[in-house]
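Me: Could you take a close look at the aromatic rings here, and then set them in the context of the chain and of its contacts? Please give the cut-off behind each term as you go.

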Amino acid sequence: MPELPEVETVRKTLEHLIVSKTIQSVQLFYPKMIQGDCMDFQNHVTNQTIQSIKRVGKYLFFHFQEGIVVSHLRMEGKYYVQPASDPIQKHVHVLFSFQDGQSLRYHDVRKFGTMEWIPLHGMKDYVKKHRIGLEPFDSDFTMGYLQAKLSRTTKMIKPVLLDQTIVAGLGNIYVDEVLFICGLHPETRVHQLHHSDIEHIISASQAVLGKAIELGGTTIRSYVSSLGVSGRFQNELLVHMRKGEPCYSCGTFIEKIKVGGRGTYVCPTCQTKRG
DNA sequence: AAGGGTGTTGAAAG
DNA sequence: GCTTTCAACACCCT
């Protein structure tokens, strides 16, 4: 599920469901996903009460009295809130049992997700250590910022926009959407971009992510969730997942190509390379 | 029915 | 440094 709008949807949903709950116990069924010492993680989290849930890019931060749990969903991580007495489903790797009889379960088929306990005021250091860049909504995400990041590289625009150290929050779906809106071919080299292209990328990123958050994100692989995190943005997709269908703008069939190793949807007529 | 693809990230290789 | 490739893992599709 996990680009910025999906993670934000999870954050908002969990905020309503579990803030102010106290963790009675933690069970780890796949210890490898915990960064650092597992026993330390369990000891730190046990008896802590959730104060708030924040998000930076695609990372979730669960704030407790004495520290923070950072969670990344990677490809397929999901959270469920349900009675602690429910049977433990396949692919549940972490189970937090609350004092009130409910539980928070982390479910991840591919086991790529991670969790880590960090100190109470460690969010800034964490962002710095992982070199997480600015989100499109950040007031510092400006023409100057992006131009500076792009000026010293000749990479293709798609891999650049996927680079979380440059733009935090865009992933494979939304980058395809942004580049379609901007009429830019994903293989365009960034040094070929005009000033107006960069401005367009900024506004399109904000528009696409904003709309996706409004609609609760995009659900491509269908799944049922007790969190209700299945979104509705998949109905708004302009190019992504539309291989062989006519472009909404010109009618040309949408193609699927590979860019930087990632499956990429593109309208060969509307999205042109510069130079 | 085996092999390629999958919404991510970071480590390794060049 | 920088850019590109690949591995971590399970499942689905062709």
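Reply: What follows begins with the conventions, goes through the rings, and then turns to the surroundings.

This is a predicted model, in which local features need pLDDT of at least 70 and side-chain atom pairs count only at pLDDT 80 or more, while totals for chains, interfaces and linings use all residues. Residues are numbered from 1 along each chain as its sequence is written, chains are lettered from A and ligands numbered from 1 in the order in which they are written, and side-chain values use heavy atoms, with hydrogens and water left out.

A pair of aromatic rings is described by the distance of the centres and the angle of the planes. The rule applied here takes rings of Phe, Tyr and Trp (for Trp, its six-membered ring) as paired if their centres lie within 6.5 Å, and calls the pair stacked when the planes are under 30 degrees apart, edge-to-face when they are over 60, and tilted for the rest. Counted in this way, there are 7 aromatic pairs. One of them joins Phe-61 and Tyr-126, with 5.8 Å from centre to centre and 90 degrees between the planes, an edge-to-face arrangement. This pair links distant parts of the chain, since Phe-61 belongs to strand β4 (residues 59-63) and Tyr-126 to helix α3 (residues 123-129), 65 residues apart; helices (H or I, at least four residues) and strands (E, at least two) are DSSP runs, numbered from the N terminus. Both Phe-61 and Tyr-126 are buried, where buried means under 20% relative accessible area, exposed means over 50%, and partly exposed lies in between (1.4 Å probe, protein chains only). Another pair is that of Phe-141 and Tyr-145, whose ring centres are 5.8 Å apart and whose planes meet at 50 degrees, so the pair is tilted. Phe-141 and Tyr-145 are both buried too.

The edge-to-face pair also has company, as Tyr-59, Phe-61 and Tyr-126 form one aromatic cluster. A ring can face a charge as well: Arg-242 lies over the face of Tyr-248, at 3.7 Å from the ring centre, the criterion being NZ of Lys or CZ of Arg within 6 Å of the ring centre and within 35 degrees of the ring normal.

Aromatic residues appear again at DNA strand C, where the surrounding residues include Tyr-30 and Phe-112, along with Lys-32, Lys-90 and His-91; a residue counts as near when one of its heavy atoms lies within 4 Å of the strand. By class, this surface has 3 nonpolar, 2 polar and 6 charged residues, with Ala, Val, Leu, Ile, Met, Phe, Trp, Tyr, Cys and Pro taken as nonpolar, Asp, Glu, Lys and Arg as charged, and the others, Gly among them, as polar. On the DNA side, 58% of the strand C atoms within 4 Å of the protein belong to sugar or phosphate, and the rest to bases. Polar side-chain atoms approach phosphate oxygens of DNA strand C at 2.9 Å in the case of Lys-32 and at 3.0 Å in the case of His-91, while for Lys-90 an N or O atom of the side chain is 3.2 Å from a phosphate oxygen.

As for the chain as a whole, the secondary structure of chain A comes to 7 helices and 11 strands, and buried residues make up 53% of its 275 residues. Its C-alpha atoms fill a box of roughly 60 × 35 × 30 Å along the principal axes. The radius of gyration of chain A is 20 Å, which agrees with the value near 19 Å for a compact globule of 275 residues; the radius is taken over C-alpha atoms, and the globule rule is 2.2 Å times the number of residues to the power 0.38.

Two residues that are not glycines deserve a note on backbone angles. Asn-47, in the loop between α2 (38-45) and β3 (52-56), has a positive phi of about 75 degrees and is exposed, with a relative accessible area of 52%. Arg-74, in the loop between β5 (68-72) and β6 (78-83), has a positive phi of about 45 degrees, and with a relative accessible area of 43% Arg-74 is partly exposed.

Helix interiors offer a contrast to these loops: Leu-209 in helix α7 (residues 195-214) counts as buried at 0% relative accessibility, and Glu-177 in helix α6 (residues 172-182) counts as buried at 2%.

Conventions. A polar contact is a pair of N or O atoms within 3.5 Å; within protein, one must be able to donate a hydrogen and the other to accept it, and residues adjacent in sequence count only if both atoms are side-chain atoms.
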